[in-house]
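Subject: Structure handover

Hello,

Here is the structure for your files, with notes on what was found in it. Please read the notes with the model open.

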Amino acid sequence: MARIVGIDLGTTNSLIAYMHDQAPRVIAGRNGRTLVPSVVAMMDNSLIVGDPAKEHLVRNPERTIYSVKRFMGKGLEDVAEELKYFPYRLTEQGGVIRIQIGEKTYSPPQISAMILKELKHRAEAHFGEDISKAVITVPAYFNDSQRQATKDAGTIAGLEVLRIINEPTAASLAYGLQEHTQGTIAVYDLGGGTFDISILKLKDGIFEVLATNGNTHLGGDDFDRRVADVIIQELREQHRFDPEQHPDTMQSIRLEAERTKVRLSEDQKAMLTIELPSETGQYRREFTRDQLEALTRDLVEQTLGPCRQALNDADLQPSDIDEVILVGGSTRMPLVRQRIQELFGTIPHCELNPDEVVALGAAVQADILSGATQDLLLLDVTPLSLGIETMGGVVSPLIRRNTTIPASAKELFTTYVDGQTSVDIHVLQGERELAKDTRSLARFQLKVPPLPAGVPRVEVMFLIDANGILNVTAKDVRTGQVQSIEVKPSYGLSDEEVERMISESFKFAAEDLKARQLIEARTEAEAIHKATQKALSLGGHLINAEEKAAIQESLATLETARTGEDHRVIRARIADVEKATHHLAEVLMDTTLKEALQNKKLTEIF
């Protein structure tokens, strides 16, 4: 089988790895460095990638692209608050961000593809053969659109992406935890641009992700920004110099802020120096570790909420966790390690290079797909519930949050109106009971023959593949007509949306249930009212006036109750209607049977 490599396509740096003698290894470049900076720059109308491109961050910031992973599968609205931090120009086309370099514009997948090509060439130089198959990792909270954008980047780079796997899941493989017989593992991944927490269960060679959570917009870049903001403020106050008017100075500040943060993970003090334009002079400042921790403590605390939520979703206490793994360069910060140890009550693993551990795990996954490793099974989960909108704006979930994937689910639905010629399929994502409180992923229509309400049978099937991408199919059971769609939402989830979807599902649980019960009761009451009126028009002459008046009175009472806010009252009035119409239903059934028998006799005669 063709060689399969594992790739960590990171916000700050990217790596490529492979299996050698049953151990994963990261491939280094000619300079001996394993990290390829996720940076692309234009020089003399040609694009350069990696370390040479990173050198242009200061010299030519307007033509140098970094942190492109933040834009994968997103629109301008999603990143509006961050635009001031990026010197290059962003536009939008068809709901997708376009990045301008020189006279040309590129989509985030195109830029990511350039980074993947650099990794591909590195592997081909190492092996002396063509590399065309890969496993690529993504943050656990990447949604469908972001995962699809990552697959598109691989395709553009000439790679067949066999699997998209979550970064924390890959890290658990890198630590060889499959050699244990069983255990529960927490993987804390704080990278350059994203944060993820995964709770995994290992039993009899099977890795199962019990729960995932995180923040798609929190990472080392945000820690650097806190230091950079202090520098910018002091330059304005002390030097009367606004660096935001000088893109090259802004990049110098960003890079020096990052270097200072890194040095303070080892040292208690670090001197920071920035050369300003000649007429302004030089900026020098000493930062201490205490000052850095005071600036960034709230960011570290922001990672603990998703950790607690993931534990809650997995129905676990911190004491139930056997192993904690730290992933991502930002986990080198002593404050991060201290808070994680305090939360989980155990010393976290940090033996492996946190920058390389995800790529190493991707190589292990690649080995599994190649068939070389046969005693390990990896199961992943979908982080948010998926369903469709039904009558009254209620959500009918088909696949629940934290369901193991690949997964499929199907359910039968019908029409609500007589003569309906199409059924609207509205695909939703989220944890609330009502469609208005969830995220719309897609809409499409299925044509159905005009039949009485309740007669058509529409089978809706959800299928999530191993990459977490959703395919929705609707089928008319009678005619066999099928309509399907692959869900590729134009916009990604912001961190606020993710937090809202999960936390509000608990916060408003009682309120949501009450609203759902009321809508369902009103919907059923309306259907009962229509059906009873139809029955009266067909068989009202078959019952006496007193009985007919009782039915009409119960319908009037039901209509009054339907406008109220108590679902229990509506249900009680529905029961009254059913009781009042019991004899009418029997009479109609007898009449229908007699007519059917009479028609059969006539058919036999002729």
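Aromatic pairs come first. This is a predicted model, and it holds 2 aromatic pairs. One of them is formed by Tyr18 and Phe127, with 4.9 Å from centre to centre and 90° between the planes. The arrangement counts as edge-to-face because the angle between the planes is over 60 degrees. Tyr18 belongs to strand 2 (residues 13–20) and Phe127 to helix 3, so the pair links distant parts of the chain, 109 residues apart. Is each partner buried or exposed? Tyr18 has a relative accessibility of 8% and counts as buried. Phe127 is buried as well, at a relative accessible area of 18%; the cut-off for buried is under 20%.

Next, the helix that carries Phe127. Helix 3 (residues 108–127) packs against helix 4 (residues 144–156): their axes come within 8 Å and cross at roughly 55°. The two helices are therefore oblique to each other, and the crossing is right-handed. On the helix 3 side, the contact is made by Pro109, Gln110, Ser112, Ala113, Leu116 and Lys117. Helix 4 contributes Ala149, Asp152, Ala153, Gly154 and Ile156. By class, the residues of this contact divide into 6 nonpolar, 3 polar and 2 charged.

A second helix pair is helix 5 (residues 167–174) with helix 10 (residues 357–370). What angle do their axes make? They cross at roughly 80° and come within 7 Å. Since angles of 65 to 115 degrees count as roughly perpendicular, that is how helix 5 and helix 10 are classed. Glu167, Ala170, Ala171, Leu173 and Ala174 are the helix 5 residues in the contact. From helix 10, they meet Val357, Val358, Leu360, Gly361, Ala362, Val364 and Gln365. This contact has 9 nonpolar, 2 polar and 1 charged residues.

Last, a loop residue. Glu433 sits between strand 24 (420–429) and strand 25 (439–451), in the loop that joins them. Its relative accessible area is 24%, so Glu433 is partly exposed. Glu433 and Gly393 are 40 residues apart in sequence, while their C-alpha atoms are 8.9 Å apart in space.

In short, the notes cover an edge-to-face pair of Tyr18 and Phe127, an oblique pair of helices, 3 and 4, a roughly perpendicular pair, helices 5 and 10, and the partly exposed Glu433.

Regards

Definitions and conventions:
Residues are numbered from 1 along each chain as its sequence is written. This is a predicted model: local features need pLDDT of at least 70, side-chain atom pairs count only at pLDDT 80 or more; totals for chains, interfaces and linings use all residues. Side-chain values use heavy atoms; hydrogens and water are left out. Buried means under 20% relative accessible area, exposed over 50%, partly exposed in between (1.4 Å probe, protein chains only). Axes are lines fitted to C-alpha atoms, for helices over the stretch in contact, and angles run from 0 to 180 degrees between N-to-C directions. Angles under 35 degrees count as roughly parallel, over 145 as roughly antiparallel, 65 to 115 as roughly perpendicular and the rest as oblique. Contact means heavy atoms within 4.5 Å. Ala, Val, Leu, Ile, Met, Phe, Trp, Tyr, Cys and Pro count as nonpolar, Asp, Glu, Lys and Arg as charged, and the others, Gly among them, as polar. A crossing is left-handed if the near helix is turned anticlockwise from the far one by less than a right angle, and right-handed if clockwise. Rings of Phe, Tyr and Trp (its six-membered ring) pair if their centres lie within 6.5 Å; planes under 30 degrees apart count as stacked, over 60 as edge-to-face and the rest as tilted.
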